[in-house]
Amino acid sequence: MGEMSGLQLGVVGALFLSVASSVSIVICNKALMSNLSFQFATTLTSWHLMVTYCSLHVALRLNFFENKPIDIKTVMMFGILNGVSIGLLNLSLGFNSIGFYQMTKLAIIPFTVLLETLFFKKQFSQKIKFSLSILLLGVGIASITDLQLNFVGTILSLLAIITTCIGQILTNTIQKRLNVSSTQLLYQSAPFQAAILFLTGPFVDQCLTKQNVFAYKYSPVVLGFIVLSCLIAVIVNFSTFLVIGKTSPVTYQVLGHLKTCLVLAFGYTLLHDPFTSRNILGILIAIVGMGMYSYFCTNDTKRKQLVDISTLPQIKERDTTPLVASHQDKESKGSHV
């Protein structure tokens, strides 16, 4: 029981860290991009990952965690896939309306459920599916304002959904199957994510903003916000891997929509963004959906734990019986000789 309560405390801590850091970086980046006109999101993300890797390297040298080698092909594929998904999400935002981009983010949850059901045989109860539907409805009402379709934007959105879902499923699968921690996986994969974004980021940003990141005039204030953004990103990246490893890709996406609601609320409070009754209604519906999802997931987890505990004596009995039979067989064989 003590071990289980410690595990639950760790999950709650990881969720809180993810929410707090993500909301903080959104507010920081919004100030950087909206108020200071630094529009180079993809390049900024590559800097985030570089700083994350350097920070983890220092932590490794100080013996805060132990490095565990992972197959280079697995890490390279995983890192490049995550880097590509970030670039595609940014391109999707650039080529689509904000409403369609929000629809793209909402589509990640049902697509993840579909992939996990088809390829990993994971079962989602009807109650959990219903709670996810309520959550998506609320976030959709709160955040989607317009829907404008175009061919290139639709293709980019589909690719962004596919790569994001696969990347997040792999984040969970690699940690569990290879028995590596979130820190170890992030340390191994961050250089590849940073490299792919550093090489493609300036090109992607120039396509979206018609400006060159290297020609931008960096004032002390802008540099200060960039440094702050990179430092917060270390916590964001670490908590992302931590949450997906401790829970699931679907739970991480649910958490992401909680962040969306909080960002809308903080944007109204701190940055005086427009806030309507529709936003309030959507946020309230989303909160109900999140509460239902949390409640049903907790009940399912408790039910599985009770089943595991009840079947444990039977498993032990089955394991010991063949050994006894085998021992008797050996004695009988010895007596015949």
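## Overall fold

What share of the contacts in the protein chain with a separation of 6 or more comes from residues 24 or more positions apart? The share is 88%. This model is predicted. The protein chain holds 10 helices and zero strands. Read from the N terminus, its elements run α-α-α-α-α-α-α-α-α-α. The chain has 337 residues, and buried residues make up 42% of them.

## Confidence

The mean pLDDT of the protein chain is 81. A value of 70 or more is reached by 81% of its residues. Among the elements, helix 2 (residues 41-61) has the highest mean pLDDT, at 94. Helix 10 (residues 277-336) has the lowest, at 65.

One stretch calls for care. Over residues 315-337, pLDDT stays under 50. For these residues the model has zero contacts beyond four places in sequence. Where pLDDT is low, predicted coordinates should not be read in detail.

## Two nonpolar cores

The largest nonpolar core has 18 residues. Leu-132, Leu-135 and Val-254 have the most contacts inside it. Four elements give two or more residues to this core: helix 4 (98-119), helix 5 (126-143), helix 9 (249-270) and helix 10. Helix 5 gives the largest share, six residues. Another core lies apart from this one. This other core has 14 residues, among them Leu-56, Phe-78, Val-180 and Ala-190.

Back in the largest core, look at Val-254. Which residues does Val-254 contact, leaving aside its neighbours within four places in sequence? They are Ile-109, Leu-132, Leu-135, Met-290 and Tyr-293.

## Gly-138 in helix 5

Gly-138 lies in helix 5. Is Gly-138 buried or exposed? Its relative accessibility is 0%, so Gly-138 counts as buried. Setting aside neighbours within four places in sequence, Gly-138 is in contact with Gly-282, Ile-283, Ile-285 and Ala-286.

Another glycine can be located from here. The C-alpha atoms of Gly-138 and Gly-289 are separated by 7.7 Å. Along the chain, these two residues are 151 residues apart.

## Helix 2: span and burial

Helix 2 has 21 residues. From its first C-alpha to its last, helix 2 reaches 30 Å. That is close to the 30 Å expected at 1.5 Å a residue. After helix 2 comes Asn-63, whose phi is positive, near 65°.

Which residues of helix 2 are buried? At its start they include Thr-42, Thr-43, Leu-44, Thr-45, Ser-46, Trp-47, His-48 and Leu-49. Further along, Thr-52, Leu-56, Ala-59 and Leu-60 are buried too. An α-helix has 3.6 residues a turn, so residues three or four places apart point the same way. Trace Thr-52, Leu-56 and Ala-59 in the structure with that in mind.

## Helix 7: a kink

Now turn to helix 7 (residues 182-209). A straight helix of 28 residues would span 40 Å at 1.5 Å a residue. Helix 7 spans only 34 Å between its end C-alpha atoms. Where is the kink in helix 7? A kink of about 45° lies at Thr-200, shortly before the proline Pro-202. Just after helix 7, Lys-210 takes a positive phi of about 60°.

Ser-182 belongs to helix 7. With a relative accessibility of 5%, Ser-182 counts as buried. Not counting residues up to four places away in sequence, Ser-182 touches Gln-175, Phe-238, Phe-241 and Leu-242.

## Cysteines

Cys-28 sits in helix 1 (residues 2-35). Cys-28 has a relative accessible area of 5%, so it is buried. Beyond residues up to four places away in sequence, Cys-28 touches Phe-225, Leu-228, Ser-229 and Ile-232. The C-alpha atoms of Cys-28 and Phe-225 are separated by 7.0 Å. Along the chain, they are 197 residues apart.

Cys-54 counts as partly exposed because its relative accessibility is 46%. Cys-207, at 33% relative accessibility, counts as partly exposed. A disulfide is a covalent bond between the sulfur atoms of two cysteines. How many disulfides does the model contain? The count comes to zero.

Definitions and conventions
Residues are numbered from 1 along each chain as its sequence is written. This is a predicted model: local features need pLDDT of at least 70, side-chain atom pairs count only at pLDDT 80 or more; totals for chains, interfaces and linings use all residues. Side-chain values use heavy atoms; hydrogens and water are left out. Buried means under 20% relative accessible area, exposed over 50%, partly exposed in between (1.4 Å probe, protein chains only). Contact means heavy atoms within 4.5 Å. A disulfide is a pair of cysteine sulfur atoms within 2.5 Å. The expected span of a helix is 1.5 Å times one less than its number of residues. The bend at a residue is the angle between axes fitted to the seven residues ending there and the seven starting there. pLDDT is the predictor's confidence in each residue, from 0 to 100. A nonpolar core is a set of buried Ala, Val, Leu, Ile, Met, Phe, Trp, Tyr and Cys residues joined through side-chain atoms within 4.5 Å.
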